[in-house]
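This report introduces a structure to a reader who has not met it before. The sequence and the structure are shown first, and the description follows.

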Amino acid sequence: MIGVTLLTGFLGSGKTTLLQRLLTDPAMANAAVLINEFGEVGLDHHLLDRIDDNVVLMKSGCICCTVRGEVADALMNLNSLRTRGEIDFDRVVIETTGLADPYPVLQTLRAHPVLRSHFENAGVLTTVDAVNAARQVEHRAEAVRQIAAADRLVLTKTDLAQDEDVSALRSTLARINPAAPVVTGADDTNTIIARLDPALPPVPDTQDVETHHHHHHDVNEDLGVVTFSLTIEESVDWTDFGIWLTLLLHRYGDRIFRFKGILAIAGEDRPVAVHGVQHLVHAPAHMTHWPNGPRVSRAVFILEGIEPERIRRSFYAFMGLKDTKAVA
Amino acid sequence: MCSLCGILGCDDHWTHSVDRPGVFTRNTDRHSRRTEGARRVAAANRVLSFRRIKLAEWQGTSFVVSNATGASSVFESFSHLWPEAEALAGREIDPLDDAVIDWVKEQ
């Protein structure tokens with residue numbers, strides 16, 4: 001399986017600059033890169049000067065609405081060339097347009113009957129511009145969605161921003177997506193490339209568990225985003241959980257930017273990690289061992305416009321668990 | 001084939017993933033696949049009964065939802081369960097609705 005990294009980030013947040021730097025690292029020498037031309041001038045394309053023959057330029061503009069099929073076609077084409085031995089690559093990086101929501105591309109990878117046998121999601125890397133991001137997250141829902149969907153965040157232009165602005169931004173990022181590790185664009189490429197590895201376990205932040213209440217949520221009214229975590233001491237029935245989450249995402253997937261959970265499944269010794277973006281759920285990972293800390297189920301939801309208390313009540317009812325705790 | 005979009009081979013629902021290293025699934029052998037399939041149908045029916053909809057598995061390959069008047073709909077991918085059930089019921093099924101939560105608790 002070839003890992004596909006989605007490089008996303010708001011307009012002008014430094015995606016291409018980052019990509020350009022990463023591509024000069026030997027570890028990325030065998031990466032195939034798909035970039036999305038936005039508008040009539042394929043500006044991003046002209047800025048990329050080290051892309052060899054492995055670039056397929058997608059020409060239809062915004063990735064969200066039109067090029068899902070093109071993403072699939074481009075990946076199919078790469079796969080054919082590789083199978084025929086005409087090119088070789090060990091990972092793929094797709095750079096989206098600044099306004100793109102990562103979900104449709106992830107969905108393409110997950111659902112396409114051929115692609116899903118050859119490519120796997122290696123994570124969403126979102127660039128965040130240290131100078132402008134604070135304003136963007138207040139005014140642009142896409143910026144919040146991109147941060148919420150990220151597996152890793154790269155802070156760019158930190159050299160142009162004041163230190164206090166950078167630390168304020170870091171705390172904003174932690175409120176929107178507490179589980180995503182943050183590196184800066186100024187870090188050496190090895191550090192950033194290490195973050196591209198799919199081995200990073202998709203689990204919620206485990207450090208806070210002991211100090212967290214059973215149900216905790218941070219309402220960021222200024223951002224319109226709620227980060228809500230749930231800790232469940234009882235083991236969870238896998239079948240009931242599947243029914244519940246499937247129905248919840250069917251109804252509310254548009255408003256659930258991100259969820260991650262590590263679950264103690266009834267009848268299983270090892271935990272199961274479940275994570276997804278909007279309507280999409282990745283194949284659940286059977287983890288080899290429990291992370292440090294208590295062996296209880298934990299889930300984190302990043303939501304917009306849904307009361308966490310309703311999710312908590314629904315979860316307990318569908319799981320057939322006794323609901324005794326109130327939201328902290 | 002997907003009954004909604006026509007894509008071939010689409011039923012790799014996350015709750016019942018194809019067995020492969022590192023992935024949690026009960027879709028491992030014939031016995032556990034059928035056992036989990038039956039459990040899935042029973043669990044879904046506890047919720048669907050709120051709208052008087054019934055789900056049944058057909059030959060381990062497809063699903064059938066039907067309503068109290070006998071209307072039914074066949075689909076192959078589990079991911080289509082809720083859209084198909086809501087279409088048949090003519091109303092939504094909202095897991096955060098108090099009435100649904102109370103119903104599920106009583107089942």
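How many residues does the largest nonpolar core have, and which of them have the most contacts inside it? In this predicted model, the largest nonpolar core has 103 residues. Those with the most contacts inside the core are V92(A), I94(A), I147(A), W244(A) and F301(A). Helix 10 of chain A provides the largest share of this core, namely nine residues. Domain 1 (2–194) and domain 2 (215–319) of chain A each contribute at least three residues to this core. In soluble globular proteins, nonpolar side chains tend to be buried together.

**The two chains**

The table sets out the two chains by the quantities computed for each.

| Chain | Helices and strands | Buried residues | Share of contacts (separation of 6 or more) between residues 24 or more positions apart |
|---|---|---|---|
| Chain A | eleven helices, 14 strands | 46% of 328 residues | 75% |
| Chain B | three helices, three strands | 27% of 107 residues | 34% |

**Chain A: domains**

Chain A is divided into domain 1, which covers 2–194, and domain 2, which covers 215–319. Within chain A, 17 residues of domain 1 are in contact with 15 residues of domain 2. On the side of domain 1 that touches domain 2, at least two residues come from each of helix 4 (103–111), helix 6 (133–139), helix 7 (141–149) and helix 8 (163–176) of chain A. The residues of that side of domain 1 of chain A comprise ten nonpolar, three polar and four charged.

**Chain A: strand 1 and its partners**

Strand 1 of chain A, residues 2–9, is mostly covered, with six of its eight residues buried. Strand 1 of chain A runs parallel to strand 5 (residues 119–129) of chain A, and seven bridges join the two. In this pairing T8(A) stands opposite T126(A) in strand 5 of chain A. Strand 1 of chain A also runs parallel to strand 4 (residues 91–95) of chain A, to which five bridges join it. Here L6(A) stands opposite I94(A) in strand 4 of chain A, and I94(A) is among the residues with the most contacts inside the largest nonpolar core.

I147(A), another residue named for its contacts in that core, touches T126(A), V128(A), V137(A), L153(A), L173(A), I176(A) and N177(A), when residues up to four places away in sequence are not counted.

**Chain A: two residues with positive phi**

K157(A) has a positive phi of about 55 degrees although it is not a glycine. K157(A) is placed in the loop between strand 6 (152–156) and helix 8 of chain A. Is K157(A) buried or exposed? K157(A) counts as buried because 21 C-beta neighbours lie inside 10 Å, and the cut-off for a buried residue is 20 or more.

Q278(A), likewise not a glycine, has a positive phi of about 50 degrees. The loop between strand 11 (272–277) and strand 12 (280–281) of chain A holds Q278(A). With 23 C-beta neighbours inside 10 Å, Q278(A) counts as buried.

**Chain B**

Along its sequence, chain B follows the pattern α-β-β-β-α-α. Its strands form an open sheet of three strands in the order 1-2-3, with antiparallel pairing. Strand 1 (53–58) and strand 3 (72–75) of chain B stand at the edges with a single partner strand each, so one side of each has no neighbour in the sheet. From one strand to the next, the twist averages 20 degrees.

Six bridges pair strand 1 of chain B with strand 2 (residues 62–67) of chain B in the antiparallel sense. I53(B) stands opposite N67(B) in strand 2 of chain B. Helix 2 (residues 81–89) of chain B lies across strand 1, strand 2 and strand 3 of chain B, and runs at about 25 degrees to strand 2 of chain B.

**Where the chains meet**

Between the chains, 26 residues of chain A are in contact with 26 residues of chain B. On the side of chain A that touches chain B, helix 10 (238–252), strand 13 (285–286) and helix 11 (308–319) of chain A each supply at least two residues. Helix 10 of chain A gives the most to this side, with ten residues. The residues of this side of chain A divide into 14 nonpolar, seven polar and five charged. Helix 10 of chain A thus appears both here and in the largest nonpolar core.

Methods:
Residues are numbered from 1 along each chain as its sequence is written. Chains are lettered from A and ligands numbered from 1 in the order in which they are written. This is a predicted model: local features need pLDDT of at least 70, side-chain atom pairs count only at pLDDT 80 or more; totals for chains, interfaces and linings use all residues. Two residues are in contact if their C-beta atoms, placed from the backbone, lie within 7 Å. Helices (H or I, at least four residues) and strands (E, at least two) are DSSP runs, numbered from the N terminus. Ala, Val, Leu, Ile, Met, Phe, Trp, Tyr, Cys and Pro count as nonpolar, Asp, Glu, Lys and Arg as charged, and the others, Gly among them, as polar. Domain bounds come from an automatic or database domain assignment. Two strands pair if DSSP finds at least two bridges between them. Axes are lines fitted to C-alpha atoms, for helices over the stretch in contact, and angles run from 0 to 180 degrees between N-to-C directions. A residue is buried if 20 or more other C-beta atoms lie within 10 Å of its own, exposed if 12 or fewer, and partly exposed in between; C-beta atoms are placed from the backbone. A nonpolar core is a set of buried Ala, Val, Leu, Ile, Met, Phe, Trp, Tyr and Cys residues joined through C-beta atoms within 7 Å.
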